[in-house]
Structures are given as C-alpha cells and as structure tokens.
Amino acid sequence: MGLSAPIVNAPMGGTAGGPLAAAVSRAGGLGMIGMGSSATAGALTAELPHVSGLASPFGIGLVHWVMEAQPDLFDVALAARPALLAVSFGDDWSWVRRAHDAGVPVAAQVADVTGARNAADAGVDVIVARGAEGGGHGEARIGTLPLLAEVLDAVKVPVLAAGGIASGRGLAAVLAAGASGAWVGTAFTTCREAATSAAARDVLLSAEGNQTVTTRAFDVAFGYPWPATLPERVLRNDFVDRFDGREDLVDDDARAGLAAAAAAEDYRVAPVNAGQGVGMVRETRSAAEVIERLCAEAERLLRRWG
C-alpha cells in the first residue's frame, strides 16, 4: 500500500472519523474510518469527503452484524474504493467475495487461531490478531503477544497486532515478533483529529492501565444488540462497579441516569472505551506526532539488535 509507517488506526466507532483517518494516512500510516454499532450509510457518506482527495490510501472499518442489518452501508463502503475494508465480529464470509469482485482488499479481526484460520480460508487478505488488552468491543480471550505468535505460525497472509500497543516499545515488540504492523486504537483517541470530546480526553489522559475492565453493563443499559460474547473494555467507573456482572439489575431508573450522564459527559457514570495501553497516553498530540513518536522509539529499540 506504500505506507511509510507500519501503523493502522483502529476504526473506532464514534472516535475514528474522516479527519483522524486523513491525518493518519497523511502521516504515512493507514487511516481507517470507523463505523460502529450506530453506523448508517448516511453517516459513512458524511465522513468520506475528508479522505476523498487524499494522495495516500485509506481504509474503512465495519461491524459485521450492523452491515448485515444495513446492506447499503456495505455498498457505500465498496463504492468508496478503500485500500482496505475491515469487517469484524461475524462468522459469515460471503462479503469477502463481493469486496474482491469490486477490487477491494479486506481485513478481519480475530481473537484466536481458529478464527485466523477461518478468515484466511475465506480469502481475507489481512488478519488483525486482537489481544484481550484491546479497548472497545471484542472477544477478550488471549493476550496480544501469545495470540500474535500463534496466528503468525498458522497463516500465510499479513498479520497486524492489536491490543495494548500505545508506545514505541509495544510497536517494536510486535514487529520483532513478525507482525506486518500494529493496529492502534487508544493511542489515537486523544489526538486532536479524533472525534473524542474534550471531557473524555481529560479522563483518558489521567487514566492508568489498571483502570480498565471488560463489561456488558453499558450495552445492556443502552439496549445495544452486541452479542454477549463481545463485551467492551472501558475505563472502570461507578456504573461498572454497580452493574458489571449484575446486568439484570439495570432498571429504567439506571437507564435514565446513564442517558443523562452521557448527555452531560459525566464519565463517573458514562462509558469511555480504552485499552490497557491507556496508561501510556499522557498528552494530546496530532496523529502525525503520535506516529512519529511510536516509529522513532520502535526504530531505536530495533536497531539495538542490528
């Protein structure tokens, strides 16, 4: 794809819009527009002008079950001719042929080696080995490095490592292990080009890595139809402490309180997605500065080994 940096920004719904994708691509990585569980064809169309004039490649990320419910979303994504279309969290692979017929390479996230083999057998061009450390929704089964090593031994296609990579040390580690690049989420959430609100940025910048937890409490309370096998990793807060593992206790009052907190950006109650690398994110930077810092530190470390 002609990238100068082995970095792809994770297509985080609500955070990775067109401006972030464009900034990452201009800086030499692969910028991804993220369409999450609330995605629509119209929402994707609104983000595309930010990347339409780029001289650099860009990508689009979709959630499989959302795409199935809204077929026009997939059509809009294909028509944009991204350099990479990522569709994750599903076990039906019929979309791969449609993308290839349109000349679009595809990627998918996997949580174990069985998923990696299934994706490769289906013709997926790039596999994202997503470790349990990753923020947002996903199957939190295996740590990033053990998963990456197993997947690399099992498939022949390029593999990106995801989960907890928020520093040059993390980037160097996965490249040394054999990954083709890193799929980075949390490190980009506080970038100036991200759609993250100022209040959420402040919470992320002050958080430590041990303050995240995987939970279904928010999905249940908001009524989001995420499968039970796909919890989300968020910053721990009062709502998590009250309802995690006790989702049956979420009543109308709790839902109303959560909605009010989300509207007021009160993150003592409302959710903030974050991976375990959040403790390494301490400043608001541009996407280009994040990429430069990650790559420079990784290069220094890798050069020590010749």
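How many salt bridges does the structure hold? The structure, which is a predicted model, holds 12 salt bridges. Some of them are described below, after the cores and helices.

## Nonpolar cores

In soluble globular proteins, nonpolar side chains tend to be buried together. The largest nonpolar core here has 82 residues. Within this core, the residues that touch the most other members are Leu-62, Leu-85, Trp-183 and Phe-188. Helix α15 gives the largest share of the core, namely seven residues. Another core lies apart from this one and has 11 residues, including Phe-218, Val-250, Ala-254 and Leu-258.

Which residues is Phe-188 in contact with, leaving aside its neighbours within four places in sequence? They are Ile-7, Asn-9, Met-12, Leu-20, Val-24, Ala-194, Ala-287, Val-290 and Ile-291.

## Helices α1 and α9

Helix α1 spans residues 18–26 and is mostly covered, with seven of its nine residues buried. The buried residues are Gly-18, Leu-20, Ala-21, Ala-22, Ala-23, Val-24 and Ser-25. Two of these, Leu-20 and Val-24, are also in contact with Phe-188. After α1 comes Gly-28, which has a positive phi, near 105°.

Helix α9 covers residues 168–177, and in this helix Gly-168, Gly-170, Leu-171, Ala-172 and Val-174 are buried. What covers these buried residues? The elements that do so include the strands β1 (7–9), β8 (159–162) and β9 (181–184), together with the helices α8 (144–154) and α15. A glycine follows α9 as well: Gly-178, whose phi is positive, near 120°.

## A three-stranded sheet

Strands of a sheet pair through backbone hydrogen bonds, either parallel or antiparallel. One open sheet in this model is formed by three strands in the order β7-β11-β10, and the pairing is antiparallel. Strands β7 (136–137) and β10 (212–215) stand at the edges with a single partner strand each, so one side of each has no neighbour in the sheet.

Strand β11 takes in residues 232–235, and four bridges join β10 to β11. Thr-214 stands opposite Arg-233 in β11.

## Salt bridges

The side chains of Asp-75 and Arg-98 meet in a salt bridge, at 2.8 Å from N to O. This pair links distant parts of the chain: Asp-75 belongs to helix α5 (residues 71–79) and Arg-98 to helix α6 (residues 94–101), 23 residues apart. Are these two residues buried or partly exposed? Asp-75 has a relative accessible area of 40%, so Asp-75 counts as partly exposed. For Arg-98 the value is 42%, and Arg-98 is partly exposed.

A second salt bridge joins the side chains of Arg-192 and Glu-289, with 3.3 Å from N to O. Here too the pair links distant parts of the chain, 97 residues apart. Arg-192 lies in the loop between α10 (186–189) and α11 (198–206), while Glu-289 is in helix α15 (residues 287–303). Glu-289 is partly exposed because its relative accessibility is 34%.

The side chains of Arg-141 and Glu-139 also meet in a salt bridge, 2.6 Å from N to O. Glu-139 has 24% relative accessibility and therefore counts as partly exposed. These two residues are linked with Asp-112 in a network of salt bridges.

Note on methods
Residues are numbered from 1 along each chain as its sequence is written. This is a predicted model: local features need pLDDT of at least 70, side-chain atom pairs count only at pLDDT 80 or more; totals for chains, interfaces and linings use all residues. Side-chain values use heavy atoms; hydrogens and water are left out. Buried means under 20% relative accessible area, exposed over 50%, partly exposed in between (1.4 Å probe, protein chains only). Helices (H or I, at least four residues) and strands (E, at least two) are DSSP runs, numbered from the N terminus. A salt bridge is a side-chain nitrogen of Lys or Arg within 4 Å of a carboxyl oxygen of Asp or Glu. Two strands pair if DSSP finds at least two bridges between them. Contact means heavy atoms within 4.5 Å. A nonpolar core is a set of buried Ala, Val, Leu, Ile, Met, Phe, Trp, Tyr and Cys residues joined through side-chain atoms within 4.5 Å.
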